[in-house]
Amino acid sequence: MGMTSSNNAAEAVIRTANRTRRQAPFGAPYVFVLLVVDGDDASVVHRIVLPETVLGRGEESHFVIPDEQVSKVHCKIRVEGSVCTIVDPGSRNGTSVNGRRLAPNVAQRLRNLDEIEVGSHRLLLLSGRFRVQQKNGVV
């Protein structure tokens, strides 16, 4: 069916075909996805499902990149509502967005189709918003 309207996306509830209710996915109605376009695992897709996602080669990373050029905690992607930012906490080889190297510990806003370089890997950020339907089916 649809999703009920709510001022707070975290309170949004999805109505399923059998009319049960379940919690809306993280970030609803916004969705953020990282697509690996160059690297060992090209074409892998990672949906961002946490307020802060750690990219790196360490065990504490949510998105593990097995690359010696990548630090254990290489960069962090943060999501708050419709805004997605990236921070490099001072990685050894740095992080670039659209060919520009990030300054350490300075957040940069990410936009749809931004290209992120981490070690020898290139990632593409895909973002969008899905429609939220009212109870009566009107968008």
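Two strands are taken to pair if DSSP finds at least two bridges between them. In this predicted model, strand 3, which spans residues 30–38, pairs with strand 13, residues 121–129, in the antiparallel sense. Eight bridges make up this pairing. Within it, Val31 of strand 3 has Gly128 of strand 13 as its bridge partner.

Strand 3 also runs antiparallel to strand 4 (residues 45–47), to which three bridges join it. One position in this pairing is given by Leu34, which stands opposite His46 of strand 4. Strand 3 and strand 4 form a hairpin with six residues between the strands. In this hairpin, Gly39 adopts a positive phi near 145°.

A second region of interest is the loop that connects strand 6 (63–64) and strand 7 (75–80), where Asp67 is found. Asp67 is buried, yet no salt bridge is formed by this residue. The nearest side chain of opposite charge belongs to Arg57 and is 7.1 Å away; the cut-off for a salt bridge is 4 Å, between a side-chain nitrogen of Lys or Arg and a carboxyl oxygen of Asp or Glu.

Polar groups are nevertheless found around the Asp67 side chain. A polar atom of this side chain lies 2.8 Å from the backbone nitrogen of Gln69. The side chain of Ser120 makes a polar contact with that of Asp67, at 2.6 Å. When residues up to four places away in sequence are not counted, Asp67 touches Arg57, Val118, Gly119, Ser120 and His121. Of these residues, His121 falls within the range of strand 13, residues 121–129.

Technical notes
Residues numbered from 1 in each chain as written. Predicted model: local features only at pLDDT ≥ 70, side-chain atom pairs only at ≥ 80, totals over all residues. Heavy atoms only, no water. Helix = DSSP H or I, 4+ residues; strand = E, 2+ residues; numbered from the N terminus. Buried < 20%, exposed > 50% of the residue type's maximum accessible area, 1.4 Å probe, protein only. Lys, Arg positive; Asp, Glu negative; His and termini not counted. Polar contact = N/O pair within 3.5 Å; in protein donor to acceptor, adjacent residues only side chain to side chain. Contact = heavy atoms within 4.5 Å.
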